Amino acid sequence: MGTSLITVLAVVAGVVWLGLMMVSSLRNRGGEEIAPNLQPGINDQELETRRLEKGQKVAIVGSAFLAISLPLYFLGETNRQEGFVEAFVEESVDRGEHLVEEFACFSCHGPLGVGGVAPFVEPRSGVSVDWVAPALDDVLYRFDEDELNFWITFGRGNTPMPAWGLPGGGPLNEHQVVDVISYLKTIQVSQQEAVDRTPGMLTAQELRLEGADDAMTASIVDQKQLIAEIGQAPDDSAFIGPLSEEAQDILEGAGEGIDTDDDGLSDVAEVELSALSVEAVEFFREVEPIVMDPNTPDAEKVDEALAVLEAASEKDPILATFAIAIQDLVDNQEEGDDTDGDGLTDATEAAITGQMASASAETVPSTISAISLDPTKAESVSGVTDRS
């Protein structure tokens, strides 16, 4: 606001104030007004008749109003309180639904809380598992609200369920946890539906228990394999380091020489890089594939495969699982064609071939593969340039 405007406003205010003073002065030129406390009081006759009756009428009207309005207000109070409770619950449900979406609770517990699977790494062993996340749409038949509040607030140790409440180290305050529970109440299935689920859940758990021994055995083998690979790491590094340097040197000089397919890699470079990739794969490969021919009697190859796997499993324990699988295929053959009459069905021979192929690739890191670059084609593999 400019200085000139402030000045104008001040002048106007002064003029108005002077005008009010003059008007007040002119009004007071008449007879001197007697102060209210010096004026004569109301006599008893007026006080006890007209003034008293007027006060009594006002009191009667006020009493009648209160006598009628208070009961009417009280009659509607129950509905008002119920409406307030309903509105509060609805708002709590809306907030809870927003929180469930924000923190992706259903990504583990399944769409609308029907149950799901959560990836989990067991902290002590480092074993990765798919943890069955329980259903939330029947959770209040299994826990009361206080128990559910506790699990949400503090989580469940050694499971994928983290602590969501502030006391447990999570992001939600006490009221937000209550909001989540309010929402979960609205998605609960009927009690009968929850009961009908029980047989299926029991069957699923029984099946999991039946496979528990195999799963535990597999986890132990995985851990042994991990320990073995850690022990082999120095030798692996000593081999791969110089090999990668050699490959880099080849790439740096790949522009020199004959380049039949004109892809920026000389023919010699493509051949040498292909050979290096094969050398890397063969370094890690512990067993060679064994092919069972259904048209040629070759049952003795089974003993050969088992012997190779047994010897290799001393260095890479994971290969022992393939030996077990092959022995199981032989011991539990199903009826079928045996074209070569060697005692192994065609299906069994094909399965053993597949097991040995998998075993052959098992010890080769997934980031290493044999490539075959064709000097006459810029794309030895369709859609992928040889340079890439």
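**Exercise 1. Salt bridges**

Find how many salt bridges this predicted model holds, then look at the one between Asp-138 and Arg-197.

*Solution.* Start with the total: the count comes to 8 salt bridges. Next, zoom in on Asp-138 and Arg-197, whose closest N and O atoms sit 3.3 Å apart. That fits the rule, because a salt bridge needs a side-chain nitrogen of Lys or Arg within 4 Å of a carboxyl oxygen of Asp or Glu.

Now place the two partners. Asp-138 is in the loop between strand S2 (128-133) and helix H4 (145-154), while Arg-197 belongs to helix H6 (residues 191-210), so the pair links distant parts of the chain, 59 residues apart. Finally, check how open each one is: Asp-138 is buried at 5% relative accessible area, whereas Arg-197 is partly exposed at 22%.

**Exercise 2. A second partner for Arg-197**

Work out how Glu-193 and Arg-197 are placed in helix H6.

*Solution.* First the contact: Arg-197 also forms a salt bridge with Glu-193, with the closest N and O atoms 4.0 Å apart. Then the spacing: the two are 4 residues apart in helix H6, which means that about one helical turn separates them. As for cover, Glu-193 is partly exposed, with 39% relative accessibility.

**Exercise 3. From pairs to a network**

Take the salt bridge between Lys-315 and Glu-286, find which parts of the chain it ties together, and then see which residues are joined into one network.

*Solution.* Begin with the distance, which is 3.0 Å from N to O for Lys-315 and Glu-286. Lys-315 sits in the loop between helix H9 (300-312) and helix H10 (320-331), and Glu-286 in the loop between helix H8 (267-284) and H9, so this pair ties together parts 29 residues apart in sequence. Both ends are partly exposed: Lys-315 has a relative accessible area of 40%, and Glu-286 has 26%.

On to the network. Through shared partners, salt bridges join Asp-137, Asp-138, Arg-142, Glu-193 and Arg-197 into one network.

**Exercise 4. A negative patch**

List the residues of the negative surface patch and decide which element gives the most to it.

*Solution.* Here are the members: Glu-245, Glu-246, Asp-249, Glu-252, Glu-272 and Glu-279. The elements that give two or more residues are helix H7 (212-252) and H8. H7 gives the most, with 4 residues. Have a look at Glu-272 too: this residue lies in helix H8 and is partly exposed, at 36% relative accessible area.

**Exercise 5. Cysteines**

Explain why Cys-105 and Cys-108 aren't bonded to each other.

*Solution.* Recall the basics: a disulfide is a covalent bond between the sulfur atoms of two cysteines. The cut-off for calling one is 2.5 Å between the sulfurs. For Cys-105, the closest cysteine sulfur is in Cys-108, 8.6 Å away, so the gap is too far for a bond. Turn to Cys-108 and you get the matching answer, with Cys-105 holding the closest cysteine sulfur at 8.6 Å. The structure as a whole holds 0 disulfides. Cys-108, by the way, is partly exposed at 27% relative accessibility.

**Exercise 6. A nonpolar patch**

Name the residues that make the nonpolar surface patch, and say whether Leu-72 is buried or exposed.

*Solution.* The patch is made by Ile-68, Leu-72, Phe-74 and Leu-75, and covers about 490 Å². Leu-72 has its place in helix H2 (residues 44-102). With a relative accessible area of 55%, Leu-72 is exposed, because the exposed class starts over 50%.

How values were computed
Residues are numbered from 1 along each chain as its sequence is written. This is a predicted model: local features need pLDDT of at least 70, side-chain atom pairs count only at pLDDT 80 or more; totals for chains, interfaces and linings use all residues. Side-chain values use heavy atoms; hydrogens and water are left out. Buried means under 20% relative accessible area, exposed over 50%, partly exposed in between (1.4 Å probe, protein chains only). Patches are made of residues with over 30% relative accessible area and no salt bridge: like charges are joined within 9 Å, nonpolar side chains (Val, Leu, Ile, Met, Phe, Trp, Tyr) within 5 Å. Accessible areas come from the Shrake-Rupley method with a 1.4 Å probe; for residues, only the protein chains shown count as cover. Lys and Arg count as positive and Asp and Glu as negative; His and the chain ends are not counted. The place of a charge is taken as NZ of Lys, CZ of Arg, CG of Asp or CD of Glu.
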